[in-house]
Structures are given as structure tokens and as C-alpha cells.
Amino acid sequence: MAQTYEEMDAIAMLKADHRKVEEIFEQFEKATSKAKKQQLAEQACLELKVHTAIEEEIFYPACRGQIEEDLLNEAYVEHDSAKQLINEIEAGGPEEDFYDAKVKVLSEMIEHHVEEEEKRSEGMFSQARAAGLDMDKLADDMRARKATAMEEFQAGKPAETRTMEGDDVASALTDQPLGAPQR
């Protein structure tokens, strides 16, 4: 019997999110009406904004100092590149010339990012598990944040980058969950 989202540990939750977004992108590829494409693109963007929030605010800080630093830094930059496209997709619509292309490129970016996180031995998730992180505690924190992030992003909050020119890059370099008191 499959685990429910409430029973999953942190890595199982993140993988479940990955599968959900992959399915949305597959549906987008098959969709023929502009309205359906827009609905699916907006759903994918919402799911990705929430997913990046829980990874960047909870999971990635827990990994800092425990896994390869380059892998973690690349993940933040990959998120930010995706967020830029997400914001453009959300600001546009299927009547625009490059709308489908932007959704396709976002899908490909996410596919690459997921592959790096889920690689069997050297991937981020494998390294995090090998480091002995408390995946159940992380899952509890991520579930709580996911609920609030979903509300924020459904209310129209845009995706915010953390590693681009003018960003507070220190927030991506800390091992403290976002908003946690500094040690």
C-alpha cells in the first residue's frame, strides 16, 4: 500500500512532488486547447513555487555542510532560473508567441534538476540520507511550510530569486532554515 503524504519522510515527499509536476507537464504536452494549457501551466508553476519554498527554506539549509557544496549551490541557481521562467509564464498567456516554448523549457529545466537531486549514489537525496539527516523531522517542518506557502502563492505572490544580481545571497548560504533564529 502506498504511503500518504502525511506518512512520507522528507525525501519521499520531495519525490512525490517531482512526480506530480512531471505528470502536469505531460498533460500540458498533450493538451490542445489554450485554456487547458494555461490551467496546466499555472498549476505547474504553483506546485513548483511551493516546492522550491520548502526545499530552500527547510531541506537545503539542513543539507548545508552535510552534502557536496557545489551540488547545493547549483540547486539554488537552478531554482532561480526556473523561477524567472515561472514568473514570465504566470505573467503571460497561451496567446503569446513563446508561451508553449517557455513551459517546455521550464519542464526540461525541472527534469534536469530532478535528475541531479535523485541520482542513485551521488545525488543530493542520497547524500542527505547518507549524512543521517532527520528525514521525519524535516518532513514535519516541510508539511507545515507547504500549507502556508500554498496559501501565499495562491494569493498571487511571485517566485523570488535568491542567487541573482541584487538578491540577498546570504540566505542561500546558511544552514539555518529561513526565518529560524540564528545560532
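**Note on helix H6 and the nonpolar cores**

1. The buried residues of helix H6 pack against three helices: H1 (10-30), H2 (34-63) and H5 (124-130). The model discussed here is a predicted one.

2. H6 covers residues 135-154, which makes 20 residues. From its first C-alpha to its last, H6 reaches 27 Å, close to the 28 Å expected at 1.5 Å a residue.

3. Which residues of H6 are buried? They are Met-135, Leu-138, Ala-139, Met-142, Arg-143, Arg-145, Lys-146, Ala-149, Met-150 and Phe-153. As general background, an α-helix has 3.6 residues a turn, so residues three or four places apart point the same way.

4. The two ends of H6 deserve a remark. At the N-terminal end, Asp-134 acts as a cap, with a side-chain oxygen 3.2 Å from the backbone nitrogen of Asp-136. Just after H6, Gly-156 adopts a positive phi of about 105°.

5. The largest nonpolar core has 24 residues, and those touching the most other members are Phe-59, Met-124, Met-135, Leu-138 and Met-142. At least two residues of this core come from each of H1, H2, helix H3 (69-91), H5 and H6. H2 gives the largest share, five residues.

6. Met-124 merits separate attention. Leaving aside neighbours within four places in sequence, Met-124 is in contact with Phe-59, Tyr-60, Ile-67, Leu-71, Leu-72, Ala-75, Glu-116 and Glu-117.

7. Apart from the largest core lies another core, of 19 residues. Its members include Ala-31, Leu-40, Ile-89 and Val-103.

Definitions and conventions. Residues numbered from 1 in each chain as written. Predicted model: local features only at pLDDT ≥ 70, side-chain atom pairs only at ≥ 80, totals over all residues. Heavy atoms only, no water. Helix = DSSP H or I, 4+ residues; strand = E, 2+ residues; numbered from the N terminus. Expected span 1.5 Å × (residues − 1). Buried < 20%, exposed > 50% of the residue type's maximum accessible area, 1.4 Å probe, protein only. Contact = heavy atoms within 4.5 Å. Polar contact = N/O pair within 3.5 Å; in protein donor to acceptor, adjacent residues only side chain to side chain. Core = buried A, V, L, I, M, F, W, Y, C linked by side-chain atoms within 4.5 Å.
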